[in-house]
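Biologist: I'm new to reading structures like this one. Could you walk me through it with a few questions and answers?

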Amino acid sequence: MTLVLDRPLVLRPPRYAGFLVAAGFLVLMLAVVLVPGLFAGDPLAADPMHVLEAPSTAHWFGTDQLGRDVFDRVVHGARHSLAIATAATLLAVVAGVLLGMLAGLAHKYADEALARSFDALSAFPLILLALLFIAIAGPGALSLVVAIGIATLPHYARVVRAQTFVVRQAGYVTQAVAFGRSRLRLVLRHVLPNVLGPVPVIAVIGLGEAILAAAGLSFLGMGTQPPSPEWGAMLSEGRNYLSVAPWVSVLPGVVATLTVIALTVVGRHLQRRVEGRLG
Amino acid sequence: MIVLRRIGTGLVVLWVAATAAYLALLAAPGSTVDSIIGDGADTPLIRSQIVQEWHLDRPAVVQYVDYLWRAAHGDLGRSYLLQRPVRDVLGAQLWPTLKLALVAAVLGIALALVLAVTTRRPWSRRVSSTAELVLVSTPPFLIGLVLLSVFSFQLGLFPVSGDRGAAALVLPAVTLALPIAGVLTQVLRDGIDRALDEPFVITARARGLRERAVLARHALRHALLPAVSLLGWLGGTLLGGVVIIETVFGRPGLGQVTLQAVTSEDMPVVLAVVVFSAFAYVVLNTAADLACLVIDPRLRRS
């Protein structure tokens, strides 16, 4: 009996290494959002003696134009940035699932009208649609939530609509109809749980997209107003000092990017798992 | 028949988009008269003049039909703030933005094609995939700020802001192109991977074609289909991206006009930009659908 090595014997990192690191980072982020005080000091404490200092052991991310510690601000800003993105994603998921299911169950023409509305909604670039909403409702965190929520709703609505088409043909639905279950019960007990399948995974990746959009809009000055720390707003403020102190704007951006990368890695891992492409 | 259907669907989507934007305008708090007056003199006489001039006394339905009719003819109304036709306001700023978007699109597509074809070996593939992931996840303005910090402030190679000469176009175009290249490379690579499993690749190899030719002539063509259908997405990303990129690099253009209009509640301009972006998306998407029909005969049969 011969032992066949189909692969050279090299030490490889474990298969889930990327996923584990990303998931670990997200857990850390969650902790940072829940108890920022544990990780960093006062994000508003100005120190005029130490303005625009480079990163050091005392100030890991350096200090900004008012001598505030950038690391402290990034840590406290996580709460604002991630709260906006999470709320927007939740809004998009809830509205998207309801509308998608409605379209999937509705009469042919109503379905067509809804489906075209989803198309029309996704015809607008996210940023521009959000700007239209902000032009109407005024800037602010709440505007960002609603704007991003509406703009990303078609993702979920489309998937759920397609799922609903599959589910309404299923035997258990036919059987429930035959048993004379009420419509409400039919939808809530039989359709809803079964169309939700792919939604959580899309939502994880969608959350990353929402973080990017929220940061972009705050960067344009449409979100949280200073001095409260928010990643996009910090980038925008730090921009004026880019030539002398790039860390003030770049490092908050790097943390935002790492968060989005972690979400994408976890999201794709889950997606592969759901699709059964993982050994 | 399929062609007509696609174009029809595109028109319907465009109509819904224009209507939705119009409804959004109606839903805006505060009266239109207030928005037009802005910080100017506010007397009952001026108010009634404005109502007459802008035909605000007509029923909403009439105004809506009038808006659609004019929009269909390319008349997008007048800016509240600048008191000039929106078409002129946008037209003056269209070229700088279009220039940036086109250069970025070409750059992004070229980079994606090169990366997808050349990074086939395991290690280069892993490096490239990681780079794509990072690019796709990075806020575009961060890429811009980093490039600006390194190439303009530290190395002094490119101007910091403005739109003078080709040198000023380099950094903004690269900033806009990198995330696009990231997404397109992923799509192309997936497509090539799938195509390489197809029987026609075995045939091509059996005919003695070199691996590079198999990739470029057979697998890549196959992989183009999903990439082409992203054309609408590409246009939207470019249009949305310029708003941010123009701010980062202090360039004139549609993005700057849009931002100014949003902050000063100049609704006709905001509305026009949004409807224009939807128009661009629908045109590109329809074009992409038709291009797919041309590329892949199998789609024509269904």
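Modeller: Sure, and let's start with a term we'll need: a crossing of helices is left-handed if the near helix is turned anticlockwise from the far one by less than a right angle, and right-handed if clockwise. Keep in mind that this is a predicted model.

Biologist: So which hand does the crossing of α8(B) and α11(B) have?

Modeller: Helix α8 of chain B covers residues 167–196, and its axis lies 10 Å from that of α11(B). Going by the clockwise or anticlockwise turn of the near helix, the crossing of this pair is right-handed.

Biologist: Are α8(B) and α11(B) parallel, antiparallel, perpendicular or oblique to each other?

Modeller: They pack at an angle of about 140°. Roughly antiparallel needs an angle over 145 degrees, and roughly perpendicular runs from 65 to 115. The angle fits neither group, and therefore α8(B) and α11(B) are oblique.

Biologist: What classes of residue make the contact of α8(B) with α11(B)?

Modeller: From α8(B) come Leu171(B), Pro172(B), Thr175(B), Leu176(B) and Ile180(B). They meet residues of α11(B) including Leu234(B), Gly241(B) and Phe249(B). By class, the contact has no charged residues, 3 polar and 8 nonpolar.

Biologist: UniProt has a "transmembrane region" feature on chain B, in an unreviewed entry. How much of residues 224–249 of chain B is helix?

Modeller: That span is one of those the UniProt entry lists, along with 165–184. Residues 165–184 of chain B are 90% helix and 0% strand, with end C-alpha atoms 29 Å apart. For residues 224–249 of chain B, the ends lie 33 Å apart, strand is 0% and helix is 92%.

Biologist: Zooming out, which helix gives the largest share of the side of domain 1 of chain B that touches domain 2 of chain B?

Modeller: The domain assignment puts domain 1 at 2–72 and domain 2 at 87–300 of chain B. Their contact takes 14 residues from domain 1 of chain B and 13 from domain 2 of chain B. On the domain 1 side, 11 residues are nonpolar, 2 polar and 1 charged. The largest share of that side, 11 residues, comes from residues 2–27, which form helix α1 of chain B.

Biologist: And how many residues are nonpolar on the side of chain B that touches chain A?

Modeller: Here 40 residues of chain B are in contact with 35 residues of chain A. Helices that each supply at least two residues of the chain B side include α1, α6 and α13 of chain B. That side has 1 charged residue and 9 polar ones, and its nonpolar residues number 30.

Notes. Residues are numbered from 1 along each chain as its sequence is written. Chains are lettered from A and ligands numbered from 1 in the order in which they are written. This is a predicted model: local features need pLDDT of at least 70, side-chain atom pairs count only at pLDDT 80 or more; totals for chains, interfaces and linings use all residues. Domain bounds come from an automatic or database domain assignment. Two residues are in contact if their C-beta atoms, placed from the backbone, lie within 7 Å. Helices (H or I, at least four residues) and strands (E, at least two) are DSSP runs, numbered from the N terminus. Ala, Val, Leu, Ile, Met, Phe, Trp, Tyr, Cys and Pro count as nonpolar, Asp, Glu, Lys and Arg as charged, and the others, Gly among them, as polar. UniProt positions are given in the numbering used here, feature names are shortened, and annotations may be inferred rather than shown by experiment. Axes are lines fitted to C-alpha atoms, for helices over the stretch in contact, and angles run from 0 to 180 degrees between N-to-C directions. Angles under 35 degrees count as roughly parallel, over 145 as roughly antiparallel, 65 to 115 as roughly perpendicular and the rest as oblique.
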